[in-house]
Amino acid sequence: MDLLLKNIAMLATPLGKSARRGREQGDVKIIKDAMIGVKNGKIAYAGEADESLRATQAIDCAGKLVTPGLVDAHTHLVFGGWRQHELGLKLKGVPYLDILKQGGGILSTVRSTRAESEGALFEKGREILNDMLRHGTTTCEAKSGYGLDLESEMKQLRVIKRLNGLNTVNIAATFLGAHAVPEEYKHDRKKYIRLVTEEMMPAVKAEGLAEFSDVFCETAVFDVEESEHIIKAAQKNGFQTKIHGDEIDPVGGAELAARTKCISAEHLIQASDRGIADMAEAGVAAVLLPATSFYLDKNYARARKMIEEGVTVAVATDFNPGSSPNLNLQIAMNLACIKYRMTPEEALTAVTLNAAAAIGRSDTAGSLETGKNADIVIWDAPDLNYIFYRYGSNLVRNVIKDGRVVV
Ligand code: IZC
Ligand code: ZN
């Protein structure tokens, strides 16, 4: 073997190549006094300590906790500018959707992203990925949606592709041309939807720039009928589909995700009972974003009900310059316990295997078992509970990505 991780006090990992839902979400394998062996960037052994194992390099894990590298299944990580100027508006009580209606919010980031060069976006994205890695994230999803014209959407997606090529954090790309109606189309939204479905989608597909397509289905953004049309067009263009649904108002996003067989639906703060049952039935993953609830000072999605009904639950940061300017998945993990009432075991599965499943990566990422990518976090923690309890500090001690120590 190339690398051996020795003296692991506790190895904690979900198991399998597909999502774990219902009661199985909390089925995490815990091995005390464990070892992990790595060969050619893949896991070759993960089990009890075995002194007969040999490798060219060894790491002493100093009696700490080891888990799979974290998977952040929902981010908007490439954008120009920030939006700290909106903090004062928020504190005065101006709602998120009102800021957007006044041409701020997403549209403010669209202006700064359009104005930024591809090179500058790439450099900023590189810094962000390094920061994510330092916080334990080894795989993430990244959405476009701050270009909202053909060239700027392509620019954002090309940046995502180049960032993925750095191999800092593995990235699954999502086209989000339907993130908002840009200002120049505000009097002809149908025309913008045609631009997204008839020009942008084929162009993105032709250059192989995104696997997934997403839509912001929300009051005053895209209604259910428009969203359904956009999802179906994406599927015709060969994308797997995702939806930002029921984030602020209960518009029926969960039901739509189930009806159209989306791979995942995100946010779901206001998802109805019917919508949750439909998602369980259709096998749509819920990607819940508790740091967004926190930052928008909103309610929290009904994660317990979703788990009880058999929905696959993943938890992600929603990192973006507006509603969730935090890229540290550990914060979302803590909120998943405290606000969603998920157990540490359920929450670990939500940020590893289930998150990987929500972005089509569960065959290679999200668990520590033979054959998977050797993406591993060594924590400054003696056991699993500790990382959900000691919130606020970055508890990552080392990160191993594809079998190499990178942090
Ligand atoms: O820039 O505000 N919710 N999209 C949907 C976002 C938040 C990102 C943003
Ligand atoms: Zn989002």
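Two residues are in contact here when heavy atoms of each lie within 4.5 Å. With that in hand, let us walk through this model, which is a predicted one, beginning at a single residue and working outwards.

Our starting point is Thr197, which lies in helix H6. Setting aside the neighbours within four places in sequence, Thr197 is in contact with Pro202, His229, Ile230, Ala233 and Asn237. Is Thr197 buried or exposed? Its relative accessibility is 7%, so Thr197 counts as buried, the cut-off for that word being under 20%.

Another residue of helix H6 is Arg189. Here the relative accessible area is 28%, which means that Arg189 is partly exposed. Beyond the neighbours within four places in sequence, Arg189 is in contact with Val181, Val221, Phe222 and Glu226. Take Phe222 from that list: it is 33 residues away from Arg189 in sequence, while the two C-alpha atoms are 9.3 Å apart in space.

Now let us step back to the helices. Helix H6 covers residues 189–206 and helix H7 covers residues 224–236; the two pack with their axes 10 Å apart and at an angle of about 15 degrees. Angles under 35 degrees count as roughly parallel, and H6 and H7 are therefore roughly parallel to each other. The crossing in which H6 passes H7 is right-handed. On the H6 side, the contact is made by Arg189, Ile193, Thr197 and Met201, and on the H7 side by Glu226, His229, Ile230, Ala233 and Ala234. So both of our starting residues take part in this contact of H6 with H7. By character, the residues of the contact comprise 5 nonpolar, 2 polar and 2 charged.

From the helices we can move on to the sheet. Strands of a sheet pair through backbone hydrogen bonds, in either a parallel or an antiparallel sense. In this model there is an open sheet of 8 strands with parallel pairing, in the order S5-S6-S7-S8-S9-S10-S11-S12. Which strands stand at the edges? They are S5 (70–72) and S12 (313–315); each has a single partner strand, so one side of each is left without a neighbour in the sheet. From one strand to the next, the twist averages 25 degrees.

A closer look at some of the pairings is worthwhile. S5 and S6 pair in the parallel sense over 3 bridges, and Asp72 stands opposite Cys140 in S6. On to the next pairing: S6 and S7 run parallel and are joined by 5 bridges. In S7, Ile171 is the bridge partner of Cys140. How enclosed is S6 itself? Of its 7 residues, 7 are buried, so S6 is largely enclosed by the rest of the structure. Further along the sheet, strand S9 (residues 240–245) and strand S10 (residues 264–267) run parallel and are joined by 4 bridges. Within this part of the sheet, His244 stands opposite Glu266 in S10.

Helices pack on this sheet as well. Helix H4 (residues 118–134) touches S5, strand S6 (137–143) and strand S7 (170–178), and its direction makes about 140 degrees with that of S6. H7, which we met beside H6, packs on the sheet too: H7 touches S7, strand S8 (212–217) and S9, and its direction makes about 175 degrees with that of S8. H7 thus links the two parts of our tour, packing with H6 and touching strands of the sheet.

Technical notes: Residues numbered from 1 in each chain as written. Chains lettered and ligands numbered in written order. Predicted model: local features only at pLDDT ≥ 70, side-chain atom pairs only at ≥ 80, totals over all residues. Heavy atoms only, no water. Axes fitted to C-alpha atoms, helices over the stretch in contact; angles between N-to-C directions. Parallel < 35°, antiparallel > 145°, perpendicular 65-115°, else oblique. Left-handed = near helix turned anticlockwise from the far one by under 90°. Nonpolar A, V, L, I, M, F, W, Y, C, P; charged D, E, K, R; others polar. Pairing = 2+ DSSP bridges. Buried < 20%, exposed > 50% of the residue type's maximum accessible area, 1.4 Å probe, protein only.
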